[in-house]
Amino acid sequence: MLTGQGFKQVYNLKGGIAAWQGQPAAGPPEIGMMLVKGDETPQDIICLAYGLEEGLRKFYTAATQMAIEAEVIKVLSQLAEIEERHKQRLFDLYKAIDAADTTIESFENKVNSELMEGGFDPDKLLESSKPAFKNATDVLSFAMMLEAQGMDLYMRYADKSEDAQVKEILYKMADEEKTHLKSLGDLFEKL
Amino acid sequence: MGIRDIFSTFTNMDTEQFQSFIDTNQEGNFTLLDVRQPVEYEGARIPGSQLIPLPTLNERLQELDPEKPVIAY
């Protein structure tokens, strides 16, 4: 169907999702999308992404406090640092786009109010998930789930976004979450 | 027309080739197309997939970029 309609490269994933061994994402297409209408400015999307990155960072930081293998703690600490760098990059990008002289405090206030409005609460998610963490495998599985959901959400934001600059930011963020997913998967294999 | 007929002109990509493809290609430069039903998509999907159920694919082709490689499942 696609090849006859001018699509240049079309592939069929042999065996479909059943054959694929990676970490899936789940939930209806609109999950997390209540935060995005499609007409957001690049600044709005940066705020959302910043909030998601902060959620991930909090999770990784909290996970390092749990009694799990040293190698896993090392990777989780690295991931927490990477999310912190993502946040910094997002703030730099925000400042570059926003003509106003923004401080980190006013930026974070804007992020928090927008996330609360959208009903996203990373602290609650972490608290409700903690009892399920019995060992490194549980923590890594949860981390992979978060990264997969995060990546999936960025891609859906990108598809919905009408601004080319926003799309580019989101694709880049999705790409980095994909790399995280791969490193967590590699670690998981080693356990 | 069955699903086999629709995919008959596709090049098959096995899971190893697929993993290597997504590892080496930047997000946004290709389309992962989930042509299953919404309930299947909601249950589990490859992250970043775009849902266009097969029965609606023909009328929604304009949502896809023909210049980008498409990997369907």
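The exercises below, each with a worked solution, concern a predicted model and treat chain A, a helix pair, the nonpolar cores and the contact between chains A and B.

**Exercise 1.** Describe the secondary structure of chain A and the order of its elements.

*Solution.* Begin with the inventory, which for chain A comes to seven helices and one strand. Next, read the elements from the N terminus on, where the order is β-α-α-α-α-α-α-α. Then turn to burial, for which 37% of the 191 residues of chain A count as buried. Finally, take the contacts in chain A between residues at least 6 apart in sequence, of which 75% join residues at least 24 apart.

**Exercise 2.** Determine how helix 2 and helix 6 of chain A are oriented to each other, parallel or antiparallel, and which residues meet between them.

*Solution.* Two packed helices are described by the angle between their axes and the distance between the axes. For helix 2 (residues 42–64) and helix 6 (residues 136–160) of chain A, the angle is about 175° and the axes lie 11 Å apart. Angles over 145 degrees count as roughly antiparallel, and helix 2 and helix 6 of chain A are therefore roughly antiparallel to each other. On the helix 2 side, the residues that meet helix 6 are A:Ile45, A:Leu52, A:Leu56, A:Phe59 and A:Ala63, and their partners in helix 6 are A:Val139, A:Leu146, A:Gly150 and A:Tyr157. By class, this contact consists of eight nonpolar residues, one polar and no charged.

**Exercise 3.** Locate the largest nonpolar core and name the elements that give two or more residues to it.

*Solution.* The largest nonpolar core has 41 residues, and those with the most contacts inside it are A:Ile45, A:Ile46, A:Ala49, A:Tyr154, A:Leu170 and A:Ala174. Helix 2, helix 3 (70–97), helix 6 and helix 7 (164–190) of chain A each give two or more residues to this core, and helix 6 of chain A provides the largest share, 13 residues. Apart from this core lies another, of 16 residues, among them B:Met13, B:Leu32, B:Ile46 and B:Ile52.

**Exercise 4.** Analyse the contact between chains A and B, including its strand pairing.

*Solution.* First count the residues, which are 38 from chain A and 33 from chain B. On the side of chain B that touches chain A, at least two residues each come from strand 1 (11–13), helix 2 (15–24), helix 3 (38–43), strand 3 (50–51) and strand 4 (70–72) of chain B. The residues of that side divide into 17 nonpolar, ten polar and six charged. Then consider the strands: strand 1 (residues 10–13) of chain A and strand 4 of chain B run parallel and are joined by three bridges, with A:Asn12 opposite B:Ala72. Lastly, A:Ala174 is in contact with residues including B:Glu27 and B:Gly48.

Note on methods. Residues numbered from 1 in each chain as written. Chains lettered and ligands numbered in written order. Predicted model: local features only at pLDDT ≥ 70, side-chain atom pairs only at ≥ 80, totals over all residues. Contact = placed C-beta atoms within 7 Å. Helix = DSSP H or I, 4+ residues; strand = E, 2+ residues; numbered from the N terminus. Nonpolar A, V, L, I, M, F, W, Y, C, P; charged D, E, K, R; others polar. Pairing = 2+ DSSP bridges. Axes fitted to C-alpha atoms, helices over the stretch in contact; angles between N-to-C directions. Parallel < 35°, antiparallel > 145°, perpendicular 65-115°, else oblique. Buried ≥ 20, exposed ≤ 12 C-beta atoms within 10 Å, placed from the backbone. Core = buried A, V, L, I, M, F, W, Y, C linked by C-beta atoms within 7 Å. Lists of a residue's contacts leave out its neighbours within four places in sequence.
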